[in-house]
There are 2 protein chains.
Amino acid sequence: MDQHTAVLEGGLADRSRWRDEACPVRSALDVVGTRSAMLLLREAYYGTRRFQDFAARVRITDAVAAARLRELVEVGVLTTVPYREPGTRTRHEYVLTDSGRDLLPVVLGLFAWGSRHRTPDGRGPLELHHRDCGGAVRVEVRCEHDHPVPLGELAVSPARGSRLSRGAAGGAAG
Amino acid sequence: MDQHTAVLEGGLADRSRWRDEACPVRSALDVVGTRSAMLLLREAYYGTRRFQDFAARVRITDAVAAARLRELVEVGVLTTVPYREPGTRTRHEYVLTDSGRDLLPVVLGLFAWGSRHRTPDGRGPLELHHRDCGGAVRVEVRCEHDHPVPLGELAVSPARGSRLSRGAAGGAAG
DNA sequence: CTCCTGGCTTGTGCTGACCGGAGCCAGACC
DNA sequence: GGTCTGGCTCCGGTCAGCACAAGCCAGGAG
């Protein structure tokens with residue numbers, strides 16, 4: 001259409017002929033779409049591992065922390081690992097899995113957007129940089145050939161083998 | 001601490017001495033943290049512009065669509081522009097602003113994560129590629145020198161001029 | 001003038017996210 | 001045995017997000 005939206009290809013072109021039932025954005029939001037889940041992830045990235053620290057630093061109640069942490073473990077974003085401090089019994093910590101680490105672009109994307117668009121100065125109270133070189137850190141949409149991909153150059157197509165890739169109508173995708 | 005978390009620098013190192021009151025992740029979630037807001041954004045990226053199309057394609061009611069679209073316009077993620085089809089009165093469409101386009105990494109990040117971790121085959125029903133070269137599209141965390149930045153190489157520090165940058169305790173950041 | 005249509009608004013009610021506070025339980029320490 | 005602590009669970013209640021359904025309003029078509 002114009003240069004400011006993605007291009008829908010194949011059976012997707014007619015947007016009125018398919019539903020978003022299997023939309024990956026929707027399925028992601030189903031499991032990590034709450035405020036507390038995102039903030040717990042932020043804390044995990046900051047290095048927090050223990051129950052009370054999560055609850056206190058995210059400023060949620062124990063009940064919510066327990067419920068949310070349990071869900072995050074269930075969906076595989078966190079795992080529990082036992083630990084034992086001298087003189088106490090065995091407890092367990094919540095640590096990130098690969099799946100949890102894969103959500104980093106989402107949380108950093110929110111971080112960057114909040115810093116840029118939701119603070120008076122457009123800078124925000126914290127900065128992110130690369131330990132190795134000191135360069136400022138950003139979240140970018142890129143193709144595998146390293147080209148930056150603005151919205152207008154983004155193409156969406158059905159995965160091979162799906163109904164919509166064969167031009168059928170009425171399918172479900174995302 | 002270990003290689004799987006970010007490094008907190010300056011006054012941030014002691015995580016127990018500062019609060020996340022001004023956290024940009026939190027402020028971002030305050031305005032675009034709902035399921036319907038994210039899905040409306042997805043639709044906007046797909047090229048949707050009209051009220052009924054948004055409501056139908058996101059599968060929310062008119063009431064929710066009206067409320068959420070109004071909020072998104074208020075926070076500057078969308079703008080209304082008047083249009084007129086022949087033989088009807090003037091109405092208005094909802095189009096993305098620069099601020100709205102800046103949320104693309106967040107929505108694509110959820111898209112990628114959902115495709116990878118919330119579908120049986122780990123691929124998802126849709127694919128994203130670069131129109132110009134056909135390459136698969138990803139969301140990446142990079143520094144300004146183009147180095148990929150894994151979580152373990154990410155450093156978080158206070159913005160210059162903030163309380164925490166001067167080593168004071170009890171500040172508020174993110 | 002009435003009818004129709006798109007873009008809402010309003011009303012009712014459910015559910016899930018969240019809070020504050022109290023209680024529980026296992027084990028270490030005494 | 002009793003006490004303390006971390007990691008929960010349970011209870012009662014509020015509020016926001018959402019669905020379903022009805023109503024409203026401006027303006028073009030007839």
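**Two chains and two DNA strands**

Author: In this predicted model, chain A superposes on chain B by a rotation of 180° with 0.0 Å of shift along its axis, at an RMSD of 0.0 Å; the fit is by least squares on the C-alpha atoms of residues with pLDDT of at least 70 in both copies. The two copies are thus related as by a two-fold rotation axis.

Reader: What are the conventions for numbering and confidence here?

Author: Residues are numbered from 1 along each chain as its sequence is written, while chains are lettered from A and ligands numbered from 1 in the order in which they are written. As the model is predicted, local features need pLDDT of at least 70 and side-chain atom pairs count only at pLDDT 80 or more, whereas totals for chains, interfaces and linings use all residues.

Reader: How many residues does each chain bring to the contact?

Author: Chain A gives 81 residues and chain B gives 81 residues, with two residues in contact if their C-beta atoms, placed from the backbone, lie within 7 Å. Of the interface residues of chain A, 100% are also interface residues in chain B, so the copies meet through the same surface.

Reader: And which element gives the most on the side of chain A that touches chain B?

Author: That is α6(A), with 13 residues. Helices (H or I, at least four residues) and strands (E, at least two) are DSSP runs, numbered from the N terminus. By class, this side of chain A has 41 nonpolar, 21 polar and 19 charged residues; Ala, Val, Leu, Ile, Met, Phe, Trp, Tyr, Cys and Pro count as nonpolar, Asp, Glu, Lys and Arg as charged, and the others, Gly among them, as polar.

Reader: In what sense do β6(A) and β4 of chain B pair?

Author: They pair in the antiparallel sense over 5 bridges; pairing requires that DSSP find at least two bridges between the strands. Within this pair, S157(A) stands opposite E127(B).

Reader: Turning to the DNA, which residues come nearest to strand D?

Author: A63(A), A66(A), S36(B), G87(B) and R89(B) come nearest, out of 20 residues around DNA strand D. A residue is near a strand if its C-beta atom, placed from the backbone, lies within 6 Å of it. The element that gives the most to this surface is α4(B), with 4 residues.

Reader: What about strand C?

Author: DNA strand C is surrounded by 20 residues, of which S36(A), I60(A), G87(A), R89(A) and A63(B) are the closest. Here α4(A) has the largest share, 4 residues. The surface near DNA strand C has 6 nonpolar, 6 polar and 8 charged residues.
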